[in-house]
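Trainee: I have a new structure open and would like to talk it through with you. Can we go over it piece by piece?

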Amino acid sequence: MADVRTLLAGIVAALLPLTLAACTSSQDAADDGPLEVVAAIYPLQYVAEQVGGDRVHVVGLVAPGTQPHDAPLDAELTAKLDDADVVLFLSGFQPAVDTAVTSSDTSSDTGADGPVLVDAASHTGDVAIAHDHHAMLPPAPPSAEPSADPSPSPSTPGPPADPHFWLDLSRMPSFAQHVAEQFTELDPSGSLTYERNAQNLTAQLADLDVRYASGLLSCERREVVSSHDAFGYLATRYNLHTAGILGTDPTTPPSTPDAAAARELAAGATTVFTEPLVDPRGADELAAEVGATTAVLDPIENVSGDDDFVSVAERNLTTLRTALGCS
Ligand SMILES: [Zn+2]
């Protein structure tokens with residue numbers, strides 16, 4: 001027996017350094033405090049908060065109530081990126097963030113030399129769609145057909161991909177699950193918490209998705225004309241027709257095709273939608289031109305006050321049902 005005890009002691013002694021190394025190779029929230037997470041835009045922040053719960057500390061890069069597309073990234077915010085354990089961003093949405101994450105030494109998605117970078121564009125449940133969803137309009141030329149490539153080659157210009165994937169509520173769970181997996185890699189002892197939280201969020205969003213589908217099933221109208229072209233994913237999911245007075249990025253000048261598409265679609269609408277964070281003048285003018293009223297439809301790019309993702313999504317559904325005459 002003595003020989004066996006000696007052998008076991010030897011095995012334990014041999015394994016101990018490996019065990020310690022395993023513990024210190026990942027960020028254990030129980031020992032080292034919460035995971036530090038930076039989220040570039042609010043929908044990603046919401047997912048991180050819901051999935052991470054008390055085990056994560058989430059910082060949003062864009063102040064509440066601020067338009068995120070062209071939000072600047074100063075030195076203080078850039079430092080937050082460098083100091084984070086995880087950075088959630090959406091490539092193609094915020095040029096300043098894209099530049100920061102590609103030019104810094106946080107280029108590894110393995111976390112070897114900096115934060116783990118999670119590009120939501122790779123976890124939307126499907127490839128990105130182009131913003132050609134104007135189903136009421138004449139057929140687009142072949143070059144403007146929806147693209148299966150989320151990052152069209154510069155040599156083959158086409159419509160810019162629509163980044164607003166969160167407005168198709170069925171796509172958020174894919175991202176939530178990936179976030180749970182990333183958090184678990186860095187904080188293995190939180191595995192069950194992250195998985196349970198992701199499942200709870202998935203169930204909540206699935207319920208909302210069903211309410212959207214049923215609530216928008218039988219409507220007198222299906223035209224969604226908005227200040228900027230943010231509702232392509234929503235329109236595709238719930239069988240609506242949409243056009244934006246401005247393109248998928250409201251901070252760039254309006255294009256003639258976008259404005260023409262919005263004007264044509266608005267001819268069949270009784271409501272033109274404004275947004276909380278985009279200048280409403282274009283929508284107001286178009287509504288006056290076609291004899292429509294206006295209502296606020298929020299692309300949930302940011303929130304303020306007591307709102308959160310779900311509360312705004314629920315308000316959007318009520319707004320859409322009223323504007324479109326849904327039964
Ligand atoms: Zn937008």
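Mentor: Let us begin with a pair of helices, where the crossing of α3 and α6 is right-handed; please keep in mind throughout that we are looking at a predicted model.

Trainee: At what angle do α3 and α6 pack, and how far apart are their axes?

Mentor: Helix α3, which covers residues 42-52, packs with α6 at an angle of about 55°, and the two axes are 10 Å apart. That angle makes α3 oblique to α6.

Trainee: Changing topic to the metal, which residues coordinate the zinc ion?

Mentor: The zinc ion is held by three histidine nitrogens and a glutamate oxygen, namely NE2 of His69, NE2 of His164, NE2 of His228 and OE of Glu301, at 1.7 to 2.1 Å.

Trainee: And what geometry does the site of the zinc ion have?

Mentor: The site is tetrahedral, with angles of 97 to 118° among the 4 donor atoms. For reference, the ideal angle for four tetrahedral donors is 109.5 degrees.

Trainee: What spacing do the donors follow along the chain?

Mentor: Along the chain the donors of the zinc ion follow H-x94-H-x63-H-x72-E. Within that pattern, His69 and His164 link distant parts of the chain, since His69 sits in the loop between β2 (56-60) and α4 (75-83), while His164 sits in the loop between β6 (161-162) and α6 (172-186), 95 residues apart.

Trainee: Are those two histidines, His69 and His164, buried or exposed?

Mentor: His69 is buried, with a relative accessible area of 2%, and His164 also counts as buried, at 0% relative accessibility.

Trainee: How many disulfides are there?

Mentor: The count comes to 1 disulfide, and it is formed by Cys219 and Cys326, whose sulfur atoms are 2.1 Å apart.

Trainee: Where do Cys219 and Cys326 lie?

Mentor: Cys219 lies in the loop between α7 (191-215) and β7 (223-228), whereas Cys326 lies in the segment after α11 (309-324), so the pair ties together parts that are 107 residues apart in sequence. Both Cys219 and Cys326 are buried.

Trainee: Why is the disulfide of Cys219 and Cys326 called right-handed?

Mentor: The torsion about the S-S bond of Cys219 and Cys326 is about 100°, and therefore the disulfide is right-handed.

Trainee: Now the backbone: which residues have a positive phi without being a glycine?

Mentor: Among them are Asn239, with a positive phi of about 60°, and Ile300, with a positive phi of about 55°. Asn239 is in the loop between α8 (232-238) and β8 (241-246), while Ile300 is in the loop between β10 (293-296) and α11.

Trainee: Is Ile300 buried or exposed?

Mentor: Ile300 is buried, with a relative accessible area of 1%.

Trainee: One more topic, then: how far apart in space are Arg211 and Glu314?

Mentor: From C-alpha to C-alpha, Arg211 and Glu314 are 9.1 Å apart in space, although 103 residues apart in sequence. Arg211 lies in helix α7 and counts as partly exposed, at 34% relative accessibility.

Trainee: And Val272, where is that found?

Mentor: Val272 is found in strand β9, which spans residues 271-274, and Val272 is buried, with a relative accessible area of 0%. Val272 and Glu223 are 49 residues apart in sequence, with 8.9 Å in space from C-alpha to C-alpha.

How values were computed
Residues are numbered from 1 along each chain as its sequence is written. This is a predicted model: local features need pLDDT of at least 70, side-chain atom pairs count only at pLDDT 80 or more; totals for chains, interfaces and linings use all residues. Side-chain values use heavy atoms; hydrogens and water are left out. A disulfide is a pair of cysteine sulfur atoms within 2.5 Å. Helices (H or I, at least four residues) and strands (E, at least two) are DSSP runs, numbered from the N terminus. Buried means under 20% relative accessible area, exposed over 50%, partly exposed in between (1.4 Å probe, protein chains only). Donors are N, O and S atoms within 2.8 Å of the metal (3.2 Å for Na, K and Ca); water is not among the atoms, so sites may look incomplete. Four donors count as tetrahedral if all angles lie between 85 and 135 degrees; four count as square planar and six as octahedral if opposite donors are over 155 degrees apart and all others between 65 and 115; anything else is irregular. Axes are lines fitted to C-alpha atoms, for helices over the stretch in contact, and angles run from 0 to 180 degrees between N-to-C directions. Angles under 35 degrees count as roughly parallel, over 145 as roughly antiparallel, 65 to 115 as roughly perpendicular and the rest as oblique. A crossing is left-handed if the near helix is turned anticlockwise from the far one by less than a right angle, and right-handed if clockwise.
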